[in-house]
Structures are given as structure tokens and as C-alpha cells.
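Good morning, colleagues. Today I should like to turn to the pockets of one protein model. Please keep the sequence and the structure in view as I speak.

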Amino acid sequence: MWLRRRATVRNGDIFDTMAPGVHQIMQRGVSLEQAFELAVPALHQALDDVTPQVARDLVRRAPRILRHHKRANRRFERRLRKQWGQALDRFYAIVIFAEEIGRELYGLHLREVDDEEFHPVFDALIGLYARACRVAREVYHLLSGGFPFAALARSRTLHELAVITILIADYGQEEEHADLADRFLQHAWIARY
């Protein structure tokens with residue numbers, strides 16, 4: 001909005017300015033495609049001429065624009081907290097409790113096993129658990145910021161992690177699928193690459 005208003009006020013609306021010129025070229029019998037072929041270089045030149053001025057104006061006005069938008073965002077977040085604050089706090093408390101439980105379980109596991117012993121099922125499950133906690137925090141922050149559809153997308157990731165966790169927990173220790181957790185862990189290297 002700011003950029004369009006500035007271009008209109010100071011330099012005229014570039015596209016509105018071009019339209020009559022293209023129309024005049026077409027009245028002389030030039031096809032629409034040829035008119036645009038002639039107009040595009042002029043548009044590029046106009047943009048090259050206008051861009052430095054718009055950039056200077058943006059840099060000069062950015063602090064005031066940011067203050068205005070941050071103020072509006074704070075008002076929005078206050079209204080959101082008034083409506084959903086208690087539910088958001090409960091959700092966040094659950095996330096924190098889940099993180100603490102995971103930390104305790106991991107500590108207990110480390111005390112019970114030999115450091116050099118590799119447990120692919122446990123390593124896969126604890127990694128999935130940590131990732132789920134991180135994604136749950138993302139869901140919280142997206143909801144707190146007023147981005148419910150993005151939060152829903154991250155919630156689908158949580159569901160996917162839950163399905164993978166259940167699959168590895170249920171079948172990862174069976175002899176028939178003994179390499180399931182190990183293959184899952186090895187696939188992480190491919191995903192990172």
C-alpha cells in the first residue's frame with residue numbers, strides 16, 4: 001500500500017501512465033503484442049529511474065511505518081490474548097510439561113544404559129519426541145501471533161510425527177522389522193543432505 005501510494009503521488013501511477021501510450025500505439029495499427037514489445041523497454045527505463053527514489057523514501061520513512069505497524073500488531077495481539085489467552089497458556093503449559101518429561105526420560109535412559117550401547121528404537125523415539133516438542137512450540141507461537149492456518153499446517157506435522165512414533169514404537173522391536181528404527185535414523189541423513 002505504501003509503495004503504490006508513493007508511486008502514484010510522486011511519479012504518477014506507472015501502469016496508468018503507460019496504458020494511454022499503448023492504446024495510442026494500437027490506434028496506429030500496431031498489434032497489442034507489438035505495442036507491449038515497444039512499451040516494455042520504456043517501462044524498464046521508468047522503473048530504473050523511479051527505483052532509487054522509492055528506495056530512499058522507504059529508508060527514510062521505514063521507522064515511522066514500522067512503529068505504526070508494530071502498534072497495530074500489539075493491539076491485535078492484545079485482542080487475541082483477551083479472547084484466547086487462557087487456552088493459549090494452557091496449551092503452552094502442556095508443551096513445557098511435555099519437554100520436561102522428555103528431558104527426564106532421556107536422563108533416566110542415559111543412567112540405565114552403557115554409553116557405548118546403541119539403541120536405535122530409543123534414539124529414533126526420543127528424536128521424534130524432541131522434534132514434536134519443537135513443532136508444538138511453533139504451533140503456539142503461530143497461534144499467539146494470529147496465524148491459525150499456519151498453526152494448522154504445523155499441527156499436521158505433529159500428527160505425522162505421532163504416526164511415525166507409533167509405528168516405530170509398535171513395530172521397531174519386532175524381529176521382522178528390527179531394522180525399522182535404524183533405517184529411519186539413516187534416512188534423516190538423506191533429509192538433511
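I shall describe two pockets in turn, with their linings.

Please bear in mind throughout that this is a predicted model.

Let me begin with the largest pocket, whose volume is about 390 Å³. Its lining is made up of 15 residues, and those closest to the centre are Arg131, Phe184, Leu185, Ala188 and Arg192. Which elements give two or more residues to this lining? They are helix H4, spanning 120-144, helix H5, spanning 148-171, and helix H6, spanning 180-192. The largest share comes from H6, which provides 7 residues. As for chemical character, the lining of the largest pocket comprises 9 nonpolar residues, 2 polar ones and 4 charged ones.

I now move to the second largest pocket, which holds about 270 Å³ of space. Here 14 residues form the lining, and Leu125, Leu128, Tyr129, Ala132 and Thr165 are the ones nearest the centre. At least two lining residues come from each of helix H3 (32-112), H4 and H5. Which helix gives the most to the lining of this second pocket? That is H4, with 8 residues.

How do the residues lining the second largest pocket divide by class? There are 13 nonpolar residues and 1 polar residue, with no charged residues. In the largest pocket, by contrast, 4 of the lining residues are charged.

To close, I return to the helices: H4 and H5 each supply at least two residues to the lining of the second largest pocket, and both also give two or more to that of the largest. Thank you for your attention.

Terms used. Residues are numbered from 1 along each chain as its sequence is written. This is a predicted model: local features need pLDDT of at least 70, side-chain atom pairs count only at pLDDT 80 or more; totals for chains, interfaces and linings use all residues. Side-chain values use heavy atoms; hydrogens and water are left out. On a 1 Å grid over the protein atoms alone, a cavity is a set of points where a 1.4 Å probe fits but cannot get out, and a pocket is an open set with protein on both sides within 12 Å along at least five of seven lines; lining residues have an atom within 4 Å of a point. Grid points are joined across faces, edges and corners, and a volume is the space filled by probe spheres set on the points. Helices (H or I, at least four residues) and strands (E, at least two) are DSSP runs, numbered from the N terminus. Ala, Val, Leu, Ile, Met, Phe, Trp, Tyr, Cys and Pro count as nonpolar, Asp, Glu, Lys and Arg as charged, and the others, Gly among them, as polar.
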